[in-house]
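Colleague: I'm new to this one. Could you pull it up and walk me through how the chains fit together?

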Amino acid sequence: MSSSGLVPLWVQIPAALLLVSSGLLALTGAVGVLRLKDFFQRMHPPALGATLGTWCACAASMIYLSATGSQPVIHTWLIPIFLALTMPVTTLLLARAALFRRRQAGANVPPPQSRGTGSRRTAHAAGSIIVDPGDDLP
Amino acid sequence: MSTLMIAAIFFALSCYALALAVSLFRLFHGPAAQDRIQALDYMYINGMLMILVLGLRYTSDVFFEAALLVALFGFVGSSAMAKFLLRGEIIE
């Protein structure tokens with residue numbers, strides 16, 4: 001842009017540091033996804049890139065774009081807020097799916113708890129082997 | 001744009017690209033379906049970050065909206081696939 005040569009150094013240095021740390025955090029999460037052994041261990045590293053990596057990138061974008069323009073740019077915060085709302089939902093659904101599939105496969109995982117609060121089906125007895133979400137699978 | 005910012009943006013983009021490649025490996029070699037879904041979800045996040053940093057590089061607002069849309073579709077796709085694993089169907 002026209003005024004991009006006028007950005008002072010004390011704005012550029014924090015933005016550059018935030019960008020570098022964001023890249024390193026995302027890469028660390030990816031290495032964790034690759035290297036860890038179990039699926040339930042591998043659920044943790046993507047949160048590194050999804051929370052702190054995104055926050056750092058959005059903070060760098062906000063700092064730099066606010067310095068180049070004439071007014072502060074803060075709408076970039078929508079992305080971390082949105083990710084903070086949606087990532088737990090995806091993670092919980094994936095964890096439940098993985099647990100369900102392992103129970104179907106007969107792996108050594110914790111048994112289903114007795115159906116108390118928030119369950120969709122309450123007809124089964126408390127000690128039933130049938131897992132809640134899966135008895136209408138094709 | 002100064003050399004410092006260009007170097008930092010290049011480094012961040014390289015890290016995101018490497019993370020995308022590593023997640024792609026997990027997507028192809030994942031032992032179970034949930035591993036593949038998780039790798040795809042992380043690839044969505046990395047692509048969103050890449051678009052965001054490219055928007056910083058070219059000082060454009062269009063990239064921000066594209067990044068927001070990528071995050072939205074990543075959430076919808078991943079939760080739909082996890083729901084499919086859980087129930088066998090998506091819309092009941």
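Modeller: Sure, here are some questions and answers about the interface, the cores and one buried serine.

Colleague: Before we start, what kind of model is this?

Modeller: Keep in mind that no experiment is being shown here. The model is predicted.

Colleague: How big is the area buried between chain A and chain B?

Modeller: Interface size is often quoted as the accessible area lost when the parts come together. Here 58 residues of chain A are in contact with 48 residues of chain B. Carbon and sulfur atoms give 73% of the buried area, and that area comes to about 4700 Å².

Colleague: Which residues form the salt bridge between the chains?

Modeller: The count between chain A and chain B is one salt bridge. Its closest N and O atoms sit 2.5 Å apart, which is within the 4 Å cut-off, so the pair counts. The partners are A:Arg42 and B:Asp35.

Colleague: And how many residue pairs are in polar contact across the interface?

Modeller: This count takes pairs with both residues at pLDDT 80 or more. For chain A with chain B, the answer is eight.

Colleague: Which helix supplies the largest share of chain A's side?

Modeller: Helices H1 (9–35), H2 (39–42), H3 (46–68) and H4 (78–105) of chain A each bring at least two residues to the side touching chain B. By class, that side has 38 nonpolar, 14 polar and six charged residues. The largest share is 17 residues, and it comes from H1(A).

Colleague: Which element gives the most to the largest nonpolar core?

Modeller: That core has 37 residues, and A:Leu19 and B:Leu56 are among those with the most contacts inside it. Elements giving two or more residues include H1, H3 and H4 of chain A, plus helix H1 (3–29) of chain B. With nine residues, the top contributor is H1(B).

Colleague: Which residue of chain A does A:Leu19 contact, leaving aside neighbours within four places in sequence?

Modeller: On the chain B side, its contacts include B:Met5, B:Ile9, B:Val53 and B:Leu56. Within chain A, the contact listed is A:Ala60.

Colleague: How many residues does the second, separate core have?

Modeller: Its members include A:Leu93 and A:Ala97 from one chain, and B:Ile37 and B:Ala82 from the other. The total is eight.

Colleague: Last one: is B:Ser79 buried or exposed?

Modeller: B:Ser79 lies in helix H3 of chain B. Not counting residues up to four places away in sequence, B:Ser79 touches A:Thr90 and A:Leu93. Its relative accessible area is 13%, under the 20% cut-off, so B:Ser79 is buried.

Conventions: Residues are numbered from 1 along each chain as its sequence is written. Chains are lettered from A and ligands numbered from 1 in the order in which they are written. This is a predicted model: local features need pLDDT of at least 70, side-chain atom pairs count only at pLDDT 80 or more; totals for chains, interfaces and linings use all residues. Side-chain values use heavy atoms; hydrogens and water are left out. Contact means heavy atoms within 4.5 Å. Buried area is the accessible area (1.4 Å probe) that two parts lose on being put together, summed over both. A salt bridge is a side-chain nitrogen of Lys or Arg within 4 Å of a carboxyl oxygen of Asp or Glu. A polar contact is a pair of N or O atoms within 3.5 Å; within protein, one must be able to donate a hydrogen and the other to accept it, and residues adjacent in sequence count only if both atoms are side-chain atoms. Helices (H or I, at least four residues) and strands (E, at least two) are DSSP runs, numbered from the N terminus. Ala, Val, Leu, Ile, Met, Phe, Trp, Tyr, Cys and Pro count as nonpolar, Asp, Glu, Lys and Arg as charged, and the others, Gly among them, as polar. A nonpolar core is a set of buried Ala, Val, Leu, Ile, Met, Phe, Trp, Tyr and Cys residues joined through side-chain atoms within 4.5 Å. Buried means under 20% relative accessible area, exposed over 50%, partly exposed in between (1.4 Å probe, protein chains only).
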